[in-house]
Amino acid sequence: MDELQALDLLLEQRKQHWLTHCRFVLERLLIPFCLEGHIKTMEPCQRAVVLVDNRIDEQWLFTALNTWLMCPTDSEFVLIADSNSVTQAEDLLKRHAPGLKASVLDVAQLLPGAQMKEPASLNAMFKRPEFWRHMPHERILIIQTDALLSRPLDDFFFGFSYLGAPFLPRQHVEYFERRRADGRISSFFKTDTPIHGSPDPDVYPHLHGNGGLSIRQRNVMLAICEQWGSSSPIEELEDVFFSRHVGRVCSVPPLEVAQAFASETTYNPQAIGSHACWKFFSSAELATHLDQHLRSAWAMTKARRQLS
């Protein structure tokens, strides 16, 4: 096994740790909570939670239910999938969370020509004004199935126009050992993998804005798309696009607020959420993060039971 194989194996193990954790919380806390009839949306709704994914599986269900648990209860869910997955998504929610106010939208009807299975098409969708015009509320949380709210998300964060995890420079360093056939250590080696270099001030002028777990304001996103969306290169990631232009439309929160909201490449034990934590956190950081989430999820199910 060469050095890259060792690193790939380690990252795959962390991914399985993450997925196993999500499955455990889903089966032991979230589904029993749902079956007791406690998931209910408080109306009138004040914000939208948007999840775009056509892989309607237990990870999708975990993401939806955990996000409801950690968000203010007046959140309406907008779940976007392709035509082959809409019915499956509706059935899954009807079976587990009939009290959740959610719209399951067919991406082809929302934006004709958009292809969920093509990352470039999905990325371009967020840069089109029509996408944001379909959003039912001004305040929006965008979440992906590889993102996690590990503790409750306060309404405070919905007051910002655009907020995502920081783009911080990070070198991913892992140490491994080599052994002889008799079990004794023969040598050591390390792998150095850059995750983010020093952020380009023209691309990331505010040093934050990762889109996988992000707060958006509909009218700001719409204004940026109307003004610059058509000129954005197809390969430009949507969160880079919005990060470049948001300061031209409104004031941007300081980096410290983004650090309190979410983390990606650099673990912050005080952050509320994370994106792709299994890719970037060390094994010890990942274990602590998931332990924190389990404790918060347990406490929130207890609190929401009393509320209902």
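# Pocket, sheets and a salt bridge

Me: Which elements each supply at least two residues of the lining of the largest pocket?

Reply: α1 (3–35), α2, α5 (119–126), β4, β9, α8 and α10 (277–280) do. The model is a predicted one. α1 gives the most, with six residues of the lining.

Me: What is the volume of the largest pocket, and which residues are the closest to its centre?

Reply: The volume is about 1200 Å³. The lining has 40 residues, and R55, L122, Q144, D146 and H275 are the closest to the centre.

Me: What makes a residue count as lining, and how does the lining divide by class?

Reply: A lining residue has an atom within 4 Å of a point of the pocket. By class, 19 of the lining residues are nonpolar, ten are polar and eleven are charged. R55 and D146 are among the residues closest to the centre; Arg and Asp count as charged, so both go into the charged class.

Me: Why is the contact between K101 and E43 called a salt bridge?

Reply: The definition asks for a side-chain nitrogen of Lys or Arg within 4 Å of a carboxyl oxygen of Asp or Glu. In the pair K101 and E43, the closest N and O atoms are 3.9 Å apart. That value is within the 4 Å cut-off, so the pair qualifies. K101 is in the loop between α3 (86–96) and β3, while E43 is in the loop between α1 and β1, 58 residues away, so the pair links distant parts of the chain. The search of the whole structure finds 16 salt bridges.

Me: What sets the peptide bond from E43 to P44 apart, and where does P44 lie?

Reply: The bond is cis, with omega near 5°. P44 lies in the loop between α1 and β1. Most peptide bonds are trans.

Me: What is notable about the phi of A276?

Reply: The phi of A276 is positive, about 55°, although the residue is not a glycine. Most residues other than glycine have a negative phi. A276 lies in the loop between β11 and α10.

Me: How do you know that β4 and β9 pair, and in which sense do they run?

Reply: Pairing needs at least two bridges between the strands. β4 (residues 139–143) and β9 (residues 208–217) are joined by five, and they run antiparallel. Five bridges satisfy the requirement, so the two strands count as paired. Within this pairing, I140 stands opposite R216 in β9.

Me: What is the strand order of the six-stranded sheet, and what makes a strand an edge strand there?

Reply: The order is β3-β2-β1-β4-β9-β6, in an open sheet with mixed pairing. The edge strands, β3 (102–106) and β6 (162–166), each pair on one side only. From one strand to the next the twist averages 20°. Helix α2 (residues 58–70) lies across β1 (47–52), β2 (75–81) and β4, at about 165° to β2.

Me: Why do β5 and β10 stand at the edges of the three-stranded sheet?

Reply: That open sheet has the order β5-β11-β10. β5 (147–149) and β10 (262–263) each have a single partner strand, so one side of each is left without a neighbour in the sheet. β10 pairs with β11 (residues 273–275) in the parallel sense over two bridges, and A262 stands opposite G273 in β11.

Technical notes:
Residues numbered from 1 in each chain as written. Predicted model: local features only at pLDDT ≥ 70, side-chain atom pairs only at ≥ 80, totals over all residues. Heavy atoms only, no water. Helix = DSSP H or I, 4+ residues; strand = E, 2+ residues; numbered from the N terminus. Axes fitted to C-alpha atoms, helices over the stretch in contact; angles between N-to-C directions. Contact = heavy atoms within 4.5 Å. 1 Å grid on protein atoms, 1.4 Å probe; cavity = no way out; pocket = protein on both sides within 12 Å on 5 of 7 lines; lining within 4 Å. Points joined across faces, edges and corners; volume = space filled by probe spheres on them.
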